[in-house]
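Colleague: I'm new to reading protein models, so can we walk through one together? I'll ask, and you show me how you get to each answer.

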Amino acid sequence: MILTTSAVGSILIALDLIAKQTRELEFRKKEAVEQHIVLEARKWGVDERLALDISKCESGYNPLAVGDFGASRGIWQINRPAWPKITDEQAHSVEWSTSWAMQKMKEGKHHIWSCYKIVASKGG
């Protein structure tokens with residue numbers, strides 16, 4: 001059996017999609033979400049305790065969380081009116097949204113999360 005370049009490309013796309021869906025299913029477990037946040041925080045040089053506390057306060061580490069009457073989504077509760085270019089898929093993706101959140105934290109933009117004031121007042 002000989003596969004065409006097109007067929008191989010389709011197979012690779014399908015395998016990539018399966019791998020992505022498997023990772024997202026794994027992220028339904030709180031411990032996996034916490035571990036990913038810690039790894040990303042270390043990678044970005046962000047305070048991992050603060051990152052964990054903010055995401056726990058915002059969503060309880062639930063990637064499917066929806067708040068503010070549907071306007072905020074994912075573990076970081078990314079607000080649609082404030083960030084209109086971020087899709088629901090991105091907001092609910094633990095990998096994408098955590099990378100985005102770490103970038104914002106690295107830029108010193110902790111204030112974009114309402115929970116920042118709460119966790120910071122308790123000592124992070």
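Colleague: How many salt bridges does a search of the whole structure find?

Modeller: First, a bit of background: side chains of opposite charge can pair when their charged atoms come close. The cut-off here is a side-chain nitrogen of Lys or Arg within 4 Å of a carboxyl oxygen of Asp or Glu. This is a predicted model, so local features need pLDDT of at least 70 and side-chain atom pairs count only at pLDDT 80 or more, while totals for chains, interfaces and linings use all residues. Searching the whole structure that way, the number of salt bridges comes to 7.

Colleague: Before we go on, how are residues numbered, and which atoms do side-chain values use?

Modeller: Residues are numbered from 1 along each chain as its sequence is written, and side-chain values use heavy atoms, with hydrogens and water left out.

Colleague: Okay, which residue does E40 meet in a salt bridge?

Modeller: Look in helix α2, where the partner sits 3 residues from E40, about one turn of the helix. (Helices are DSSP runs of H or I with at least four residues, strands are runs of E with at least two, and both are numbered from the N terminus.) The N to O distance is 3.3 Å, and the partner is K43.

Colleague: Is K43 buried or exposed?

Modeller: We go by relative accessible area: under 20% is buried, over 50% is exposed, and in between is partly exposed, using a 1.4 Å probe and protein chains only. E40 has 9%, so E40 is buried. K43 has 60%, so K43 counts as exposed.

Colleague: What distance lies between the end C-alpha atoms of α2?

Modeller: Helix α2 covers residues 30–44, which is 15 residues. The expected span is 1.5 Å times one less than the number of residues, so we'd look for 21 Å. The model agrees, with the end C-alpha atoms lying apart by 21 Å.

Colleague: Which residue follows α2?

Modeller: Inside the helix, the buried residues are A32, V33, H36, I37, V38, E40 and A41. Right after α2 comes a residue whose phi is positive, near 70°, and that residue is G45.

Colleague: Which residue forms a salt bridge with R49?

Modeller: Go to helix α3 (residues 48–59), and look 4 residues from R49, about one turn of the helix. R49 is partly exposed at 43%, whereas its partner is buried at 17%. Their closest N and O atoms are 3.1 Å apart, and the partner is D53.

Colleague: Which residues are linked with R80 in a network of salt bridges?

Modeller: Start with the bridge between D88 and R80, where the closest N and O atoms are 2.5 Å apart. D88 is partly exposed at 38%, and R80 is partly exposed too, at 32%. The residues linked with R80 in the network are R73 and D88.

Colleague: What's the order of the strands in the open sheet?

Modeller: Strands pair if DSSP finds at least two bridges between them, and 2 bridges join β2 (residues 72–73) to β3. There, S72 stands opposite N79 in β3. The sheet has 3 strands with antiparallel pairing, in the order β1-β2-β3. The edge strands, each pairing on one side only, are β1 (66–67) and β3 (78–79).

Colleague: Which residues do ring pairs link into a cluster?

Modeller: The structure holds 3 aromatic pairs: rings of Phe, Tyr and Trp (its six-membered ring) pair if their centres lie within 6.5 Å, with planes under 30 degrees apart called stacked, over 60 edge-to-face and the rest tilted. One of the pairs is W83 with W100, edge-to-face at 5.1 Å centre to centre and 85° between the planes. W100 and W113 have centres 6.2 Å apart and planes at 80°, so that pair is edge-to-face as well. The cluster is made of W76, W83, W100 and W113.

Colleague: Last one: which residues is Y116 in contact with, leaving aside neighbours within four places in sequence?

Modeller: Y116 is in helix α6 and is partly exposed, at 27%. The C-alpha atoms of Y116 and L50 are separated by 8.3 Å, although the two are 66 residues apart along the chain. Contact means heavy atoms within 4.5 Å, and the residues in contact with Y116 are L50, I54, H110 and H111.
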